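Student: I should be grateful for a close look at a single part of this model, namely one hairpin and its surroundings. Please set the part within the whole chain as well.

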Amino acid sequence: MKHNFRFKFPELVLVVLLLISGLLLGFSSGGFLVDFNKVGFTVMSTVQSGVNTVSRGVVGFFRGIQDLFVMKKEYAEMKEKLANYDYLQRNNVEIRKENELLREQLDFAMSLEHKNIAAQIVGRDPDSLYSSITINKGVRNGVKKGLPVIAIQNGNVGVVGKIVTVGLVTSQIMPIYDSKCNISARMQSSREIGIISGGGSVDKPLSMSYINKRSFSELSRGDIVVTSGENGNYMRDVPVGTISKIESLEYDSSLDIELKPILDFSKLETVLIVDPDLSNDRETVAEVAEND
């Protein structure tokens with residue numbers, strides 16, 4: 001059994017009037033008061049705040065990218081400046097060192113009694129029949145075959161060798177460590193004379209022969225051996241090496257002596273070719289040094 005509820009028009013009008021009356025009563029009592037201006041302001045300010053936040057985020061993102069590019073550029077520029085600074089520092093050190101070496105050599109060259117020619121080492125050939133050192137001076141500069149070659153290194157004067165081949169603008173030196181090089185030398189302390197021979201390599205010690213066993217007690221490691229000045233090969237009293245080993249062998253009448261060269265040939269850069277037959281013209285030496 002179905003019941004159908006139907007509002008009649010008078011009843012519908014009554015319900016609508018009651019609802020309107022209730023709403024008006026609520027608004028008038030303050031329970032349902034709504035300030036639409038405040039609602040609109042709240043909504044708009046919230047939207048505006050969100051838009052501003054998003055805008056600031058987007059602007060900050062792109063500004064961060066721009067700052068990153070600027071920082072990368074500045075970093076690259078600083079890195080390049082640092083590299084240039086290091087390069088200049090190394091160059092300054094090299095220039096100062098080279099000037100010190102040249103000044104040392106010039107002062108030494110001017111102090112010599114004999115004519116001398118400064119030269120730079122431009123090549124080394126340890127694998128040939130004899131070990132050779134090539135220099136950048138030749139006949140044009142007054143170099144002659146057989147002239148002795150010396151050098152100064154860290155304040156130490158020493159024998160390098162002698163000229164064996166002369167070209168127009170270059171020459172070759174037979175160094176003292178060559179196996180075919182023999183030098184008449186004497187002990188600086190006991191003054192006994194012997195012969196120094198090369199070991200055949202810059203890494204091998206020099207050997208000294210013909211020093212009598214009687215001198216064993218007078219010699220010790222570190223003693224200096226100098227040129228004797230005999231046979232006209234080298235000037236007198238130029239250091240050659242220091243004693244690194246000394247032994248008295250039963251089967252030999254001479255002492256077994258090994259020497260360490262005064263000069264460090266692996267670091268040698270410049271030399272002086274000396275002509276014992278000519279006196280030193282100090283003004284010419286200075287002029288040549290300035291031109292070099």
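Tutor: Strands S6 and S7 form a hairpin with 5 residues between them, in what is a predicted model. Within the turn, Arg-191 has a positive phi of about 70°. The two strands, S6 covering residues 182-187 and S7 covering residues 193-197, run antiparallel and are joined by 5 bridges.

Ser-184 offers a useful point of entry, as its place is in strand S6. Its bridge partner in S7 is Ile-195, and Ile-195 also appears among its contacts, together with Ile-193 and Gly-194. Those contacts, which leave aside neighbours within four places in sequence, extend further along the chain to Thr-227, Ser-228, Glu-230 and Asn-231. With Ser-228 there is a specific link: the two side chains are joined by a polar contact of 2.6 Å. Ser-184 counts as buried because its relative accessible area is 10%, below the 20% cut-off. Thr-227, another of its contacts, belongs to strand S9, residues 224-227. Strand S9 is also where confidence is highest in the protein, at a mean pLDDT of 96.

The pairing continues beyond the hairpin. S7 is joined to strand S8 (residues 206-209) by 3 bridges, and these two strands run antiparallel. Here Ser-197 stands opposite Ser-207 in S8. Strand S7 is thus bridged to S6 and to S8.

Arg-191 may be set beside two further residues with positive phi. Asn-154, which is not a glycine, has a phi near 55° and is found in the loop between strand S3 (148-153) and strand S4 (156-166). Asn-154 counts as exposed because its relative accessibility is 67%, over the 50% cut-off. Asp-237, also not a glycine, has a positive phi of about 65° and lies in the loop between S9 and strand S10 (239-248). Its relative accessible area of 37% makes Asp-237 partly exposed, because that value falls between the cut-offs of 20% and 50%.

A loop residue with the opposite environment is Gly-138, located between strand S2 (132-135) and S3. Gly-138 is buried, with a relative accessible area of 0%. Its C-alpha atom is separated by 5.0 Å from that of Leu-168, although the two residues are 30 apart along the chain. Leu-168 is also one of the residues that Gly-138 touches, and the others beyond four places in sequence are Val-143, Val-166, Gly-167, Val-169, Thr-170 and Ser-171. Of these, Val-166 is the last residue in the range of strand S4.

Turning to the whole chain, the secondary structure comes to 3 helices and 12 strands. Among contacts with a separation of 6 or more, 59% are between residues 24 or more positions apart. Buried residues make up 29% of the 292 residues. The accessible surface comes to about 19,900 Å², of which 57% belongs to carbon and sulfur atoms.

Confidence deserves a final remark. The protein averages a pLDDT of 79, and 68% of the residues score at least 70. The lowest confidence is in helix H3 (residues 282-291), at a mean of 52.

Terms used. Residues numbered from 1 in each chain as written. Predicted model: local features only at pLDDT ≥ 70, side-chain atom pairs only at ≥ 80, totals over all residues. Heavy atoms only, no water. Helix = DSSP H or I, 4+ residues; strand = E, 2+ residues; numbered from the N terminus. Buried < 20%, exposed > 50% of the residue type's maximum accessible area, 1.4 Å probe, protein only. Polar contact = N/O pair within 3.5 Å; in protein donor to acceptor, adjacent residues only side chain to side chain. Contact = heavy atoms within 4.5 Å. pLDDT = per-residue confidence, 0-100. Areas by Shrake-Rupley, 256 points an atom, 1.4 Å probe, with all protein chains shown as cover. Pairing = 2+ DSSP bridges.
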